[in-house]
Amino acid sequence: MAAYNSAMDEYAPPTAAEDDARAPAGDAPLRFTPHPLRFDEVRVENTNHCGYNCFMCPRDKLTRDLGFMPIEDFDLVVGRLGDYRGQIHLHGFGEPLLDNELAAKVRRAKTRCPDTHVMFFTTLGVKKNDRYFRELAASGVGHIRVSFYGFSPETYKKVAGVNTFDLAKRNLQTLAEARAAVGADFDIMLQTWSDEVWSKWPAEARRRRDDFLRWTDEIGVLRNAVDIVHNYGGGRAYNEPPAEGLCSVAWGMRRRILQVTWDLDIIPCCFDFNASVPFGNLRTHSLEEIFAGETYRNFIDAHLANRIEDYPVCVGCERCFQP
């Protein structure tokens, strides 16, 4: 299997055949071309369990089975990647810290693919002891992104649906201390609303936010600001109606992301939160077989022809046009 060569470099230039599938507009032919089996990212859902009820997350619409990926299945996934050097994400539609084998999976990924960059998103709203965070900090993880959208117990609960502000803040400090204690250099980054979004909150909430962010600066936590949230394939409806155009799942960025559920299904992208479009399962088929299969072919052909009515998750999705 061909592999992407670096998590930091640009994606390898496409072949002439791949060019046909990459162009979303213009005169380029829109026809099916075989998947090159090169991935920038491999997103592995270690669990889809979560104790939060964030207003922007359609967990109330989740109907598929809940579970944890056994470490033996994780070994199966990374064993299929060959000489892979891109990113491995250890999160899906759940909270990674609920997985007691999270640090072990990071170590396995780094052992099997030494040049890979391992990262995950978390709320940190899970009770864990200092030892857990030290093991995680020493595991070889490269980046931990922390979803944090409220900076007092009141505003935090408005977003998350649970009152775990103090726990998440304490865990953030423990994680930063564990990083220093083991001498690791991975990034801890807060993901939160942008200044524009916060400008609409009451003055006292903005003051609490500014105090909190000054504290995170002191403990070496970076931050990433977001203005909007995705609609999760119709799971939520925040923004304008879905845009017209060819989603990059057929030609661009989303085509270069391998999405694996906790029970080893390969699905189109992270916004298929219910795994409604399984291309195949890694327990019974290889990646080559899955991406050469009829299910994948029909899915891409439907997108190329703009006839996606058989895929409700795509009909309702805001879609992604990133090259």
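## Questions about a nine-stranded fold

In this predicted model, 74% of the contacts between residues at least 6 apart in sequence join residues that are at least 24 apart.

Trainee: Good to know! What share of the 323 residues is buried?

Mentor: Happy to start there. A residue counts as buried when its relative accessible area is under 20%. Among the 323 residues of the protein, the buried share is 55%.

Trainee: How many helices and how many strands does the protein have?

Mentor: Both kinds of element are present here, and we will meet several of them by name. The protein has nine strands, and its helices number 11.

Trainee: In what order do the strands lie in the sheet?

Mentor: The sheet is an open one with mixed pairing. Its edge strands, β6 (222–226) and β9 (280–281), each pair on one side only. Reading across, the order is β6-β5-β4-β3-β2-β1-β7-β8-β9.

Trainee: Let's look at β1. Which of its residues point the other way from Glu41 and Arg43?

Mentor: There is a simple pattern to keep in mind. In a regular strand, side chains alternate between the two faces of the sheet. Strand β1 covers residues 41–44, and its four residues are all buried. Glu41 and Arg43 point one way, and the other way point Val42 and Val44.

Trainee: Which residue of β2 stands opposite glutamate 41?

Mentor: Strand β2 spans residues 87–89 and pairs with β1 in the parallel sense over three bridges. Opposite glutamate 41, the residue in β2 is glutamine 87.

Trainee: What is the handedness of the β-α-β crossover from β1 to β2?

Mentor: Follow the chain as it leaves β1. It passes through helix α2 (residues 71–79) and then reaches β2. This β-α-β crossover is right-handed.

Trainee: And which residue of β7 stands opposite valine 42?

Mentor: β1 also pairs with strand β7 (residues 257–260), in the parallel sense and over four bridges. Within that pairing, valine 42 stands opposite leucine 258.

Trainee: Do β7 and β8 pair in the parallel or the antiparallel sense?

Mentor: Strand β8 covers residues 265–267, and two bridges link it to β7. One position to look at is glutamine 259, which faces isoleucine 267 in β8. The sense of this pairing is antiparallel.

Trainee: Is valine 118 buried or exposed?

Mentor: Valine 118 lies in strand β3 (residues 117–122). The residues it touches, leaving out those up to four places away in sequence, include Ile88, Leu90, Val106 and Val141. Its relative accessibility is 0%, so valine 118 counts as buried.

Trainee: What distance separates the C-alpha atoms of valine 118 and serine 139?

Mentor: Along the chain, valine 118 and serine 139 are 21 residues apart. In space, their C-alpha atoms are separated by 9.8 Å.

Trainee: On to the helices. How are α6 and α8 oriented to each other?

Mentor: Helix α6 (residues 165–182) packs on helix α8 (residues 203–218) at an angle of about 20°, with the axes 11 Å apart. Their contact involves Phe165, Lys169, Leu172 and Gln173 of α6 together with Phe212, Trp215 and Thr216 of α8. Angles under 35 degrees count as roughly parallel. The two helices, α6 and α8, are therefore roughly parallel.

Trainee: How is α3 oriented to α4?

Mentor: Helix α3 (residues 102–112) and helix α4 (residues 130–137) pack with axes 9 Å apart and an angle of about 10°. That angle makes α3, relative to α4, roughly parallel.

Trainee: How is α4 oriented to α6?

Mentor: Here the axes are 8 Å apart and the angle is about 50°. Among the contacting residues are Phe133 and Arg134 of α4, along with Leu175 and Ala178 of α6. The crossing is right-handed. With that angle, α4 stands to α6 as oblique.

Trainee: Is asparagine 306 buried, partly exposed or exposed?

Mentor: Asparagine 306 is found in the loop between α10 (294–304) and α11 (312–315). Although not a glycine, asparagine 306 has a positive phi of about 55°. Its relative accessible area is 47%, so asparagine 306 is partly exposed.

Trainee: Last one: what is the relative accessible area of arginine 319?

Mentor: Arginine 319 belongs to the segment after α11. Its phi is near 70°, a positive value in a residue other than glycine. Arginine 319 is buried, with a relative accessible area of 15%.

Notes
Residues are numbered from 1 along each chain as its sequence is written. This is a predicted model: local features need pLDDT of at least 70, side-chain atom pairs count only at pLDDT 80 or more; totals for chains, interfaces and linings use all residues. Side-chain values use heavy atoms; hydrogens and water are left out. Buried means under 20% relative accessible area, exposed over 50%, partly exposed in between (1.4 Å probe, protein chains only). Two strands pair if DSSP finds at least two bridges between them. A crossover is right-handed if, with the strands pointing away from the viewer, the path from the first strand over the helix to the second runs clockwise. Axes are lines fitted to C-alpha atoms, for helices over the stretch in contact, and angles run from 0 to 180 degrees between N-to-C directions. Angles under 35 degrees count as roughly parallel, over 145 as roughly antiparallel, 65 to 115 as roughly perpendicular and the rest as oblique. Contact means heavy atoms within 4.5 Å. A crossing is left-handed if the near helix is turned anticlockwise from the far one by less than a right angle, and right-handed if clockwise.
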